[in-house]
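Grab your viewer and work through a few exercises on helix packing, empty space and backbone angles. Try each task before you read its solution.

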Amino acid sequence: MMQDIDKVLDFIIEIEKLKNVQRKTRPVGLDRFENSAEHSWHVCLAALMLKDSANEVIDINRVIRMLLIHDLGEIDAGDTIIYQSETPELKAKEYAGLKRLFDMLPNNQGTEFLELWLEFEAGMTPDAKYAKAIDRLPPLLHNLHGAGHSWKQHQISKEMVFKVNSRIAQGSEPLWHNLEDKLNQAASDGLMA
């Protein structure tokens, strides 16, 4: 039992590194960039608060578990802006990083989490669709309430913003409809490249 606890403690220490992975957006009202651990906390709370807007019946506990682990692969792979990040090479690096981390856990405990991450990445189940929808929310809010800082810096056009983020509707149509109006206004206001 003590060895198992030591393995979990080693894992907990290792995932502290997520706090040092800088993202590409700044939290609302702050001049510094968000880190991936903050993002994970933020999306979990957002998922909990918006759970009634999901298109389908979801298991919020599974969704929160997905969101807590969804970016752990960035410890090894780093963070890449979503508009450039969905490449097979990057996903392979994230998977390898997750495998390394979850292999630290005792009694094949990591297998369950790796399967949860794969489900999230595939985005086919109601839980994964909703989790992926909520994962897109904080960066949009950061840009909407931060003068489009990341969109401008990375030359992200309205077309790119809508192409990547319209999939929010797959998990929560009400959330997407609400954001769609805000994004159109942001484009009119010149917040996108």
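Below are four exercises, each with a worked solution.

This is a predicted model, so local features need pLDDT of at least 70 and side-chain atom pairs count only at pLDDT 80 or more, while totals for chains, interfaces and linings use all residues. Residues are numbered from 1 along each chain as its sequence is written, and side-chain values use heavy atoms, with hydrogens and water left out.

**Exercise 1. Work out how helix 8 and helix 9 pack, and which residues make the contact.**

Step 1: Find the two helices. Helix 8 covers residues 126-135 and helix 9 covers residues 137-144. Helices here are DSSP runs (H or I, at least four residues), numbered from the N terminus.

Step 2: Get the geometry. The axes sit 5 Å apart at an angle of about 20°. That makes helix 8 roughly parallel to helix 9 (the label is for angles under 35 degrees). Axes are lines fitted to C-alpha atoms over the stretch in contact, and angles run from 0 to 180 degrees between N-to-C directions.

Step 3: List the contact (heavy atoms within 4.5 Å). Helix 8 brings Ala133, Ile134 and Asp135, and helix 9 brings Leu137, Pro138 and Pro139. Sorted by type, that's five nonpolar, no polar and one charged. Ala, Val, Leu, Ile, Met, Phe, Trp, Tyr, Cys and Pro count as nonpolar, Asp, Glu, Lys and Arg as charged, and the others, Gly among them, as polar.

**Exercise 2. Describe the largest pocket and its lining.**

Step 1: Fix the terms. On a 1 Å grid over the protein atoms alone, a cavity is a set of points where a 1.4 Å probe fits but cannot get out; a pocket is an open set with protein on both sides within 12 Å along at least five of seven lines; lining residues have an atom within 4 Å of a point.

Step 2: Take the volume. The largest pocket holds about 220 Å³.

Step 3: Look at the lining. It has 14 residues, and Phe11, Ile15, Leu68, Ile69 and Leu72 are the closest to the centre of the pocket. Helix 2 supplies the largest share, three residues. By type, the lining splits into 12 nonpolar, two polar and no charged.

**Exercise 3. How many cavities of 30 Å³ or more does the structure hold, and what lines them?**

Step 1: Count them. There are two.

Step 2: Take the largest cavity, with about 400 Å³ of space. Of its 28 lining residues, Arg23, Thr80, Ile82, Asp135 and Arg136 lie nearest the centre. The split is eight nonpolar, seven polar and 13 charged.

Step 3: Move to the second largest cavity, at about 30 Å³. Its lining includes Ala54, Asn55, Pro126 and Tyr130. Helix 8 gives the most, three residues.

**Exercise 4. Are serine 157 and asparagine 107 buried or exposed, and what is phi at asparagine 107?**

Step 1: Start with serine 157, in the loop between helix 10 and helix 11. Serine 157 has a relative accessible area of 16%, so it is buried (buried means under 20%, exposed over 50%, partly exposed in between, with a 1.4 Å probe and protein chains only). Leaving out residues up to four places away in sequence, serine 157 touches Met192 and Ala193.

Step 2: Go to asparagine 107, in the loop between helix 6 and helix 7. Asparagine 107 counts as exposed, at 66% relative accessibility.

Step 3: Check the backbone. Phi of asparagine 107 is near 55°, a positive value in a residue other than glycine. Most residues other than glycine have a negative phi.

Key: Angles under 35 degrees count as roughly parallel, over 145 as roughly antiparallel, 65 to 115 as roughly perpendicular and the rest as oblique. Grid points are joined across faces, edges and corners, and a volume is the space filled by probe spheres set on the points.
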